[in-house]
Amino acid sequence: MEIGAWPTSQGVNDNYREIRRLGLESHVAELDTFGFTVVPPELAAPAGFADKLADAIWRHTKGTDSSIADYNSNQARAVDGEHLFHTVKRDPLFREATVSPAGYALASYILGSSLRIYQSSSILKAGKINPVFMHCDTLSVPPPLPPWGMVCNVTWVLSDYTRENGALFMVPGSHKLCRHPTLAEQPKCIGGQGSDDIVVPIIAKPGSLCVFHGNTWHGALPKTSDGTRVSYATIYCRSFVMPAEDFGDLTDEEIAPHGERFAKLAWRDKWQGYREEGPSSAKLALTRAAQENQFG
Ligand SMILES: [Fe+2]
């Protein structure tokens, strides 16, 4: 059917039309049903973009985390590997990735029109690396988690994801449980006592996008290969969530080439954070407008 300018669904009409234009309708269905989806490279971005993103990670990562000699005894990070944080400050390519149509459309579907960037980071895993414990990205929220997403993870797979390369894994349908996994549920394949039957590895080619709801249980398998695994993740959030990064250091010159979409993602129109002057009426009005369309 044709999507009209329907007033009762005005907050999602444009988003759904864009999802259809990008050929992503089946991915929306997978997100709704299973809590995650994998978008193939040909739908994720124009040819060559993922390679450029991977190159940028190599270029910027070199040396930044080099004080950590042994990633498997790395006490400084929750996840082992060489990290690059606050990437949107570091290179225009990372900013471009956050506004890239496919990932942005799917994150908008989960989070509504008020979405912002919560975190923009990459991890480079060289050699053998410990697994990542099973968790969901809706951090610091007590159960029951809301059934709607507070955050949405868009991970660019930039090297072959295989079991041996320490692929991400997902637990299908776990987004509907609206709670965090318990210690007892941690699967055996990552050193826990729970069942491995719930684990679905994300086997994917470089250039794929793995998109998942903030409630979806996930982790990473132990990396047993000698090669390198590269990934870039933008976690988006709703506008009332406190972001992991401070975007106040982004200059107008850095923001402008990526348009209004990036300015909003970088919290330029946030109404929170005022002092004695009180909140900006114009910025509050934007928030109210997003709320009035019922889809946030
Ligand atoms: Fe996570």
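**Exercise 1. The loop that holds serine 140**

Task: state in which loop serine 140 lies, and determine whether serine 140 is buried, partly exposed or exposed.

Solution. Serine 140 has its place in the loop between strand 4 and strand 5, where strands (E, at least two residues) and helices (H or I, at least four residues) are DSSP runs numbered from the N terminus. The model is a predicted one, in which local features need pLDDT of at least 70 and side-chain atom pairs count only at pLDDT 80 or more, while totals for chains, interfaces and linings use all residues. Residues are numbered from 1 along each chain as its sequence is written.

For the second step, a residue is called buried if 20 or more other C-beta atoms, placed from the backbone, lie within 10 Å of its own, exposed if 12 or fewer do, and partly exposed in between. Serine 140 has 6 C-beta neighbours inside 10 Å and therefore counts as exposed.

As a third step, consider the backbone. Most residues other than glycine have a negative phi, and most peptide bonds are trans. Serine 140, although not a glycine, has a positive phi of about 65°. Proline 144 is also found in the loop between strand 4 and strand 5, and a cis peptide bond, with omega about 0°, joins proline 143 to proline 144.

**Exercise 2. The sheet that contains strand 4**

Task: give the strand order of the sheet of 4 strands, and explain why one side of strand 4 and of strand 7 is left without a neighbour in the sheet.

Solution. The order is 4-9-6-7 in an open sheet with antiparallel pairing, two strands being paired if DSSP finds at least two bridges between them. Strand 4 (132-135) and strand 7 (200-201) stand at the edges, and because each has a single partner strand, one side of each lacks a neighbour in the sheet.

Next, follow the partner of strand 4: strand 4 pairs with strand 9 (residues 218-220) in the antiparallel sense over 2 bridges, and histidine 135 stands opposite histidine 218. Histidine 218 is buried, with 25 other C-beta atoms within 10 Å. Not counting residues up to four places away in sequence, histidine 218 touches Met134, Leu168, Phe169, Met170, Val171 and Phe212, a contact requiring that the two C-beta atoms, placed from the backbone, lie within 7 Å.

**Exercise 3. The sheet of 6 strands and the core**

Task: trace the sheet of 6 strands from strand 1 to strand 2, and find which residues touch the most other members of the largest nonpolar core.

Solution. This open, antiparallel sheet has the order 1-8-5-10-3-2. Strand 1 (36-39) and strand 2 (82-84) are its edges, each with a single partner strand, so one side of each has no neighbour in the sheet.

Working through the pairs, strand 5 (residues 151-157) and strand 8 (residues 209-213) share 5 bridges, and valine 154 has valine 211 as its bridge partner in strand 8. Strand 3 joins strand 10 (residues 228-237) over 10 bridges, with leucine 124 opposite valine 230. On the way to the edge, 3 bridges join strand 2 to strand 3, and glutamate 82 stands opposite leucine 124. Of the 11 residues of strand 3 (residues 116-126), 8 are buried, so strand 3 is largely enclosed by the rest of the structure.

For the core, take buried Ala, Val, Leu, Ile, Met, Phe, Trp, Tyr and Cys residues joined through C-beta atoms within 7 Å. Among the 65 residues of the largest such core, Leu106, Cys210, Val211 and Tyr236 touch the most other members, and helix 6 gives the most to it, with 8 residues. Beyond its neighbours within four places in sequence, valine 211 is in contact with residues including Leu31, Phe36, Leu106 and Val154.

**Exercise 4. Helix 1 against helix 6**

Task: at what angle do the axes of helix 1 and helix 6 cross, and which residues meet there?

Solution. Axes are lines fitted to C-alpha atoms, for helices over the stretch in contact, and angles run from 0 to 180 degrees between N-to-C directions. On this basis, helix 1 (residues 10-21) and helix 6 (residues 101-111) have axes that come within 10 Å and cross at roughly 140°. At the contact, Asn15, Glu18 and Ile19 in helix 1 meet Ala105, Ser108 and Tyr109 in helix 6.
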